[in-house]
Amino acid sequence: PLFLDHQSTTPLAPEVRDTLFQTYEQPGNQDSLTHAFGHAARQTVQKAKRHIAALISAHADEIIFTSGATEANNLALFGLVTPPYAGKQVITTPIEHSSILSPLKEMEKQGLTVTFAAVDGQGRVSLTDLESKISGQTALVTIQSANNEIGTIQPLSRIAALCAAHGVPFHTDAVQAAATEKIDASLPGLTALSLSAHKLYGPQGIGALFIRRGTSLSPTLFGGDQQNSRRPGTLPTALIAGFGTAAKLAHQNRDHDHHSLASLAQRLRDILIQNPHVDVRFNGDPDNRLPGCLSLTFGRIEAEDLILEMPELAISTGSACLSSSGGPSHVLTAIGLSPEEAGRTVRIGLGRYVTETECAFAASIIVAAYERLLKTQ
Ligand code: PMP
């Protein structure tokens with residue numbers, strides 16, 4: 001099938017595959033500096049760090065490697081907000097990824113107050129509501145850069161400025177935005193930012209937390225003194241090298257990828273909208289959005305039936321992280337969709353290597369499947 005689920009993960013860039021194979025050829029622990037293998041590994045890690053830092057306008061020493069964004073998000077929350085939690089508040093949105101919402105639930109059980117800033121029908125956070133909820137107890141604001149289900153991009157520089165004005169640290173989960181959007185970690189007011197390589201055509205199992213110089217961060221794992229003990233454990237040299245290559249490519253191709261994905265998505269939308277038989281609505285912010293992410297709510301046809309009817313296409317209902325849990329997506333319900341509408345919603349994620357022909361093919365498959373299902377009703 002044609003892979004159109006790039007919000008769940010991305011295929012490896014061929015350049016990244018080359019880097020991985022080359023790096024795996026040698027043993028090397030960047031903290032074993034009594035021999036040349038260790039020194040070579042250290043150089044590899046440093047080079048990758050520079051590419052990752054450059055992608056987000058950060059300094060290399062502000063990057064901490066983690067096993068992915070789930071761990072980076074957990075490290076940001078537990079590392080920046082320390083016990084006792086009673087009397088402390090974290091402000092977030094109802095449409096964050098579960099790797100933000102679940103740790104916050106745990107912290108809430110231990111006394112933390114979790115407050116949700118309102119989002120509108122397109123998933124945009126209300127800055128007025130956010131500001132009204134900041135108080136003397138606010139220990140952290142965490143708001144994603146872009147949503148993984150509906151593609152809406154948040155006004156990061158305005159949120160960061162607001163947090164700076166109130167002297168409150170701000171973390172953003174930038175996992176989905178990093179491949180196609182300009183992410184500026186040097187924004188005044190931005191304290192921490194999470195990344196994941198596998199959403200950038202890099203390998204799975206490696207991510208990073210940017211943490212601004214001078215910020216105190218409590219570790220969540222305890223072990224050796226790697227990464228200044230802020231995240232101990234032997235660094236996976238090859239995964240990091242692959243992440244570095246992916247970041248370098250994302251940096252070089254960002255504008256091109258953005259524009260070509262936007263035009264592919266436009267083409268897909270046009271074919272669906274112009275078909276008189278297809279009843280479809282598009283979710284999320286129509287303007288400030290991830291160019292390759294389409295969230296479509298169909299009339300009358302269930303998402304699961306549609307997906308089963310199209311074995312040629314690999315697309316998802318809601319988000320992959322939730323599709324096993326059964327209930328309607330918390331993101332779709334937070335932007336006002338009924339559970340029934342959420343059940344008629346699919347997500348299509350276009351990516352760097354999807355061609356125009358494939359996109360037109362996908363549109364024709366969707367139209368044909370939709371028309372067949374309508375007839376069987
Ligand atoms: N945040 C967002 C917005 C995501 O889309 C994902 C992946 N679905 C994650 C965090 C978790 O990333 P990882 O798979 O690297 O743990």
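Hi everyone, this is a short walk through one predicted model: its ligand shell, a helix pair and one buried isoleucine.

Some housekeeping. Residues are numbered from 1 along each chain as its sequence is written. Since the model is predicted, local features need pLDDT of at least 70 and side-chain atom pairs count only at pLDDT 80 or more, while totals for chains, interfaces and linings use all residues.

Let's start at the ligand. There are 13 residues around it, counting a residue as near if its C-beta atom, placed from the backbone, lies within 6 Å. G68, A69, T70, N148 and S196 come nearest. By class, that shell has three nonpolar, nine polar and one charged residues (Ala, Val, Leu, Ile, Met, Phe, Trp, Tyr, Cys and Pro are nonpolar, Asp, Glu, Lys and Arg charged, the others, Gly among them, polar).

On to the helices, which are DSSP runs of H or I, at least four residues, numbered from the N terminus. The axes of α3 (residues 69-80) and α4 (residues 98-109) come within 9 Å and cross at roughly 35 degrees; axes are lines fitted to C-alpha atoms over the stretch in contact, with angles from 0 to 180 degrees between N-to-C directions. In α3, A69, T70, N73, N74, L77 and F78 meet S99, I100, P103, L104 and M107 of α4, where contact puts backbone-placed C-beta atoms within 7 Å. That contact has seven nonpolar, four polar and no charged residues.

Finally, I159, in helix α6 (residues 156-166). Why does I159 count as buried? Because I159 has 23 C-beta neighbours inside 10 Å, and the cut-offs, using backbone-placed C-beta atoms within 10 Å, are 20 or more for buried, 12 or fewer for exposed, and partly exposed in between. Leaving out residues up to four places away in sequence, I159 touches L130, I143, Q154 and F170.

Note on methods:
Helices (H or I, at least four residues) and strands (E, at least two) are DSSP runs, numbered from the N terminus. Two residues are in contact if their C-beta atoms, placed from the backbone, lie within 7 Å.
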